[in-house]
Amino acid sequence: AAKGFSYINDPKALEPLVENLGDKVAEVRLASAEALIQLGECAVDYLKVALFNSRNKYIHKEAAYALSQIKSGGVEALKEGIKREEWWVREAVAIGLGLTGDIAVVPILIDSLKEEKVSLVRRSLVEALSKAEHYNPEVIDSLVISLGDQDWSVSKAAASSLGKIGLSAVDKLIIASKDESSYTRSQYAIRALGEISPTNPQ
């Protein structure tokens with residue numbers, strides 16, 4: 001039934017579709033999200049309300065995904081969401097921003113990572129940065145700093161992200177591996193260096 005709505009550009013279809021984003025069945029959630037994406041800008045306000053106000057983890061994930069694929073209005077809603085007080089909203093939004101493929105969101109991710117107090121959100125921000133299509137020095141610097149995060153899962157995510165970036169991160173990682181002021185940063189820098197090979201030359 002959810003797929004049928006994708007051919008009906010009718011706001012009346014939006015509420016049941018948004019509600020289906022919280023369904024226990026993954027196929028229903030995905031079909032509803034894809035239908036909302038096809039409906040486009042008229043779905044943004046409904047998705048934003050669901051993302052900001054729901055306590056359903058599935059709705060958070062799917063609404064953020066749908067917004068990430070609706071250019072302009074959807075991406076703007078995610079930019080707004082990264083400042084929300086609810087950490088679970090910020091976590092979903094961070095993941096969504098990473099899925100946009102929009103280089104313009106990179107500074108937002110970096111600034112949010114500097115300020116974020118919740119480790120689960122920091123990890124999602126780090127993972128989102130690894131999806132950036134263009135790895136500028138600011139992205140690498142931000143991830144290198146995160147190698148020394150007080151939460152090991154954030155450090156691990158940063159090491160993995162830097163490993164994906166590849167050879168362009170090597171110089172900064174070598175410096176970080178010799179950082180005597182942070183054992184955690186130095187060890188995860190070494191780990192990231194071990195994940196880089198000549199076949200990953202980005």
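The exercises below work through helix packing, burial and the nonpolar core of the structure shown above.

This is a predicted model, in which local features need pLDDT of at least 70 and side-chain atom pairs count only at pLDDT 80 or more, while totals for chains, interfaces and linings use all residues. Residues are numbered from 1 along each chain as its sequence is written, and side-chain values use heavy atoms, with hydrogens and water left out.

**Exercise 1. The nonpolar core**

Task: Find which residues touch the most other members of the largest nonpolar core, and which helix gives the core its largest share.

Solution. Begin with the term itself: a nonpolar core is a set of buried Ala, Val, Leu, Ile, Met, Phe, Trp, Tyr and Cys residues joined through side-chain atoms within 4.5 Å. The largest such core has 61 residues, and L36, L47, L51, L147 and L162 are the ones that touch the most other members. The largest share of this core, six residues, comes from helix α11 (residues 152–165); helices (H or I, at least four residues) are DSSP runs, as are strands (E, at least two), and they are numbered from the N terminus.

Next, take L51 and list its partners, where contact means heavy atoms within 4.5 Å. When neighbours within four places in sequence are left aside, L51 is in contact with H60, A63, A64, L67, L78, V89, A92 and V93.

**Exercise 2. Helices α4 and α6**

Task: Describe how α4 and α6 pack, giving the angle and the distance between their axes.

Solution. Two packed helices are described by the angle between their axes and the distance between the axes. Axes are lines fitted to C-alpha atoms, for helices over the stretch in contact, and angles run from 0 to 180 degrees between N-to-C directions. For α4 and α6 the angle is about 25°, and the axes are 10 Å apart. The two helices are therefore roughly parallel to each other, given that angles under 35 degrees count as roughly parallel, over 145 as roughly antiparallel, 65 to 115 as roughly perpendicular and the rest as oblique.

The crossing of α4 and α6 is right-handed; a crossing has this name if the near helix is turned clockwise from the far one by less than a right angle, and is left-handed if the turn is anticlockwise. On the α4 side the contact is made by V44, K48, L51 and F52, and on the α6 side by G73, G74, A77, L78, E80 and G81. Sorted by class, this contact has five nonpolar, three polar and two charged residues, where Ala, Val, Leu, Ile, Met, Phe, Trp, Tyr, Cys and Pro count as nonpolar, Asp, Glu, Lys and Arg as charged, and the others, Gly among them, as polar.

**Exercise 3. Two further helix pairs**

Task: Give the same kind of description for α8 with α10 and for α9 with α11.

Solution. Start with α8 and helix α10 (residues 137–146), which pack at an angle of about 25° with their axes 10 Å apart, and which are therefore roughly parallel to each other. Their crossing is left-handed. In this pair V106, I110 and L113 of α8 meet E138, V139, S142 and S146 of α10, so that by class the contact has four nonpolar, two polar and one charged residues.

Then turn to α9 and α11, whose angle is about 0° and whose axes lie 9 Å apart; these helices, too, are therefore roughly parallel to each other. Here S119, R122, R123, V126 and E127 in α9 meet S153, V154, A157, A158 and S161 in α11. By class, the contact of α9 with α11 has four nonpolar, three polar and three charged residues.

**Exercise 4. Buried or exposed?**

Task: Place Y188, V118 and S72 in their burial classes, and state where each is found.

Solution. Buried means under 20% relative accessible area, exposed over 50%, and partly exposed in between (1.4 Å probe, protein chains only).

- Y188 is found in helix α13 (residues 183–195) and, at 15% relative accessibility, counts as buried. Not counting residues up to four places away in sequence, Y188 touches L147, W152, S155, K156 and A159.
- V118 lies in the loop between α8 (106–115) and α9 (119–129), and its relative accessible area of 25% makes V118 partly exposed. With the residues up to four places away again left out, V118 touches W87 and R90.
- S72 lies in the loop between α5 (57–68) and α6 (73–81), and with a relative accessible area of 54% S72 is exposed. Although S72 is not a glycine, it has a positive phi of about 70°.
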